[in-house]
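Biologist: I'm new to reading structures, and I'd like a close look at one part of this one. Could you walk me through the pockets and the core beside them, and then anything else worth a glance?

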Amino acid sequence: MNVTEAKTPRPVMGLYDKPMWESINAKAMRLQRCRTCRTWLYPPGPACPRCLSCELEWAPVSGRGRVVSWVVFHRQYLPAYPPPYNAISVRLEEGPCMISNLEGAMPDEESIGRAVRLVYATMPDGMVLPRFVLDGT
């Protein structure tokens, strides 16, 4: 099986994930935000972890963030991801950290703290995933 035939692993849908994945599929990612204290939530959930309010809304994110950590995998674990491939942790400007991939370049020793911006990658099987590129690229 080659990469173009490999199925992208589907997200595990929890009780609160569907609106987020619908917004990613529309290439306009939204995350939950507390209407009471304005805290951003990721992953989505039933209540604000800061003030415990259940008054939540789905709001668009800026897509800007900074690399917190990264790793390059040299072993294949899933058919859709041939090695080498990377995983990065990004702290969004809004506050939450997300795990994703860096597009266009492998992270290196100078990647920590680098500015990144959100892009949407359409996989060969049509799945849309949020990815990041170095800001200014």
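Modeller: Here is a walk through the pockets, then the core, then the cysteines and a loop residue. Keep in mind that this is a predicted model.

Let's start with the largest pocket, which holds about 550 Å³ of space. Its lining is made up of 25 residues, and the ones nearest the centre are Trp-21, Tyr-81, Ile-99, Asn-101 and Leu-129. If you want to trace that lining on the fold, look at H1, S5, strand S6 (97-100) and S8, the elements that each give two or more residues to it. What sort of residues are they? By class, 19 are nonpolar, three are polar and three are charged.

Now for the second largest pocket, with a volume of about 210 Å³. It has 16 lining residues, and closest to its centre you'll find Tyr-81, Tyr-85, Asn-101, Glu-103 and Arg-131. Here the split is eleven nonpolar, three polar and two charged. You may have spotted two familiar names: Tyr-81 and Asn-101 are listed by the centre of the largest pocket and by the centre of this one too.

On to the core. The largest nonpolar core has 26 residues, and Val-116 and Phe-132 have the most contacts inside it. Helix H1 (18-25), strand S5 (85-92), strand S7 (115-122) and strand S8 (128-134) each give two or more residues to this core. Click on Phe-132 and ask what it touches beyond its close neighbours in sequence: the list includes Ile-88, Val-90 and Leu-92, plus Val-116, Arg-117, Leu-118 and Val-119. Asn-101 and Glu-103 are on that list as well, and you met both by the centre of the second largest pocket.

How about the cysteines? There are zero disulfides in the structure. For Cys-37, the nearest cysteine sulfur belongs to Cys-48 and is 3.6 Å away. A disulfide needs the two sulfurs within 2.5 Å, so that pair doesn't count. Cys-37 itself is partly exposed, at 22% relative accessible area. Cys-97 is in no disulfide either, and the nearest cysteine sulfur, again that of Cys-48, is 16 Å away. Cys-97 is also partly exposed, with 28% relative accessibility.

Last stop: Thr-39, in the loop between strand S1 (30-34) and strand S2 (40-41). Is Thr-39 buried or exposed? Thr-39 counts as buried because its relative accessible area is 17%, and the cut-off for buried is under 20%. Setting aside neighbours within four places in sequence, Thr-39 is in contact with Gln-32, Arg-33, Cys-34, Cys-48 and Arg-50.

How values were computed:
Residues numbered from 1 in each chain as written. Predicted model: local features only at pLDDT ≥ 70, side-chain atom pairs only at ≥ 80, totals over all residues. Heavy atoms only, no water. Core = buried A, V, L, I, M, F, W, Y, C linked by side-chain atoms within 4.5 Å. Buried < 20%, exposed > 50% of the residue type's maximum accessible area, 1.4 Å probe, protein only. Helix = DSSP H or I, 4+ residues; strand = E, 2+ residues; numbered from the N terminus. Contact = heavy atoms within 4.5 Å. 1 Å grid on protein atoms, 1.4 Å probe; cavity = no way out; pocket = protein on both sides within 12 Å on 5 of 7 lines; lining within 4 Å. Points joined across faces, edges and corners; volume = space filled by probe spheres on them. Nonpolar A, V, L, I, M, F, W, Y, C, P; charged D, E, K, R; others polar.
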